[in-house]
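Open the model in a viewer and keep the selection panel at hand. The stops below go from strand to strand, then to what lies against them.

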Amino acid sequence: MVSNLVNAVILLGAPGAGKGTQTSLLCNEYGFFRVSTGDIIRVEVKLGSFLGKTVAHFQDKGQLVPDDLVSELVFSRLRALESDSFVFDGFPRTLAQAIKLDEYLQASSLSSSVVLVDVPFESIRTRILGRLYCPGCQSIFSSLASAAYEGMPCPSCGVQLAVRPDDNIEVLKDRYDIYNREIGPILEYYGSRVRSVDGTQPSEMVYDSLVRLLELKSFQC
Ligand SMILES: [Zn+2]
């Protein structure tokens, strides 16, 4: 069994900063569970649970899901997991969520580390607008020259590569503006607890920095 010094890794960073990739790497190597608000919401809506139906109600109206509800969804997921090692990807997204998460972690005697995956907007723009995806197997192909490969067959499954519908400058700017509005108060709240890694490096190097920073050690017991 793998044991980590820290229970909860809270990854902060702009959309497109690479939090998802880092989360996958940490989960695969160190046995953390990924806690992604997006995933949890999709599952609950699909299951048609009471919380899921309530969330769908807000989404159908194009309204933001209230912090209390998002937090409750996340915590109910945490309670259901038989684990005390989590990586939070996309949560907390607001100051209110950050405060609620701290309350939950403290009440559960779980330690936490807050890491900002720091990437300037210009780099994110280049990254997101220069990628393609496969509608068949959902693989993402990131390369500055990838636009030239649009319509080419996916190397894994043969389906034609395409630009993701959300990968355009308007959607990106909207998401980044929302992020910028919310992240200030969150960083202020966490204060000296926030440590940063340079997210402009290749993902393997970001991961190395992250592992060092979190002092992750795995051992058999
Ligand atoms: Zn494919």
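Select strands E1 and E3 of this predicted model. The two run parallel and are joined by four bridges. For one point of register, pick Val9, which stands opposite Val87 in E3.

Keep Val87 selected and add Arg34: these two are bridge partners as well. Arg34 leads to the pairing of E2 with E3 (residues 86-89), again parallel and again with four bridges.

Now colour E3 by side chain direction. Phe86 and Phe88 point to one side, Val87 and Asp89 to the other, and all four are buried, which leaves both faces of E3 covered.

Next, show the whole sheet. It is open and has five strands, paired in parallel in the order E2-E3-E1-E4-E7. Which strands stand at the edges? They are E2 (33-36) and E7 (194-198); each has a single partner strand, so one side of each has no neighbour in the sheet. Look along the sheet to see the twist: the average turn between neighbouring strands is 25 degrees, direction ignored.

Last, select helix H1, residues 19-30, which packs on this sheet. Strands E1 (8-12), E2, E3 and E4 (112-118) are touched by H1. Compare directions at this stop: H1 and E3 make an angle of about 170 degrees.

Conventions. Residues numbered from 1 in each chain as written. Predicted model: local features only at pLDDT ≥ 70, side-chain atom pairs only at ≥ 80, totals over all residues. Pairing = 2+ DSSP bridges. Axes fitted to C-alpha atoms, helices over the stretch in contact; angles between N-to-C directions. Contact = placed C-beta atoms within 7 Å. Buried ≥ 20, exposed ≤ 12 C-beta atoms within 10 Å, placed from the backbone.
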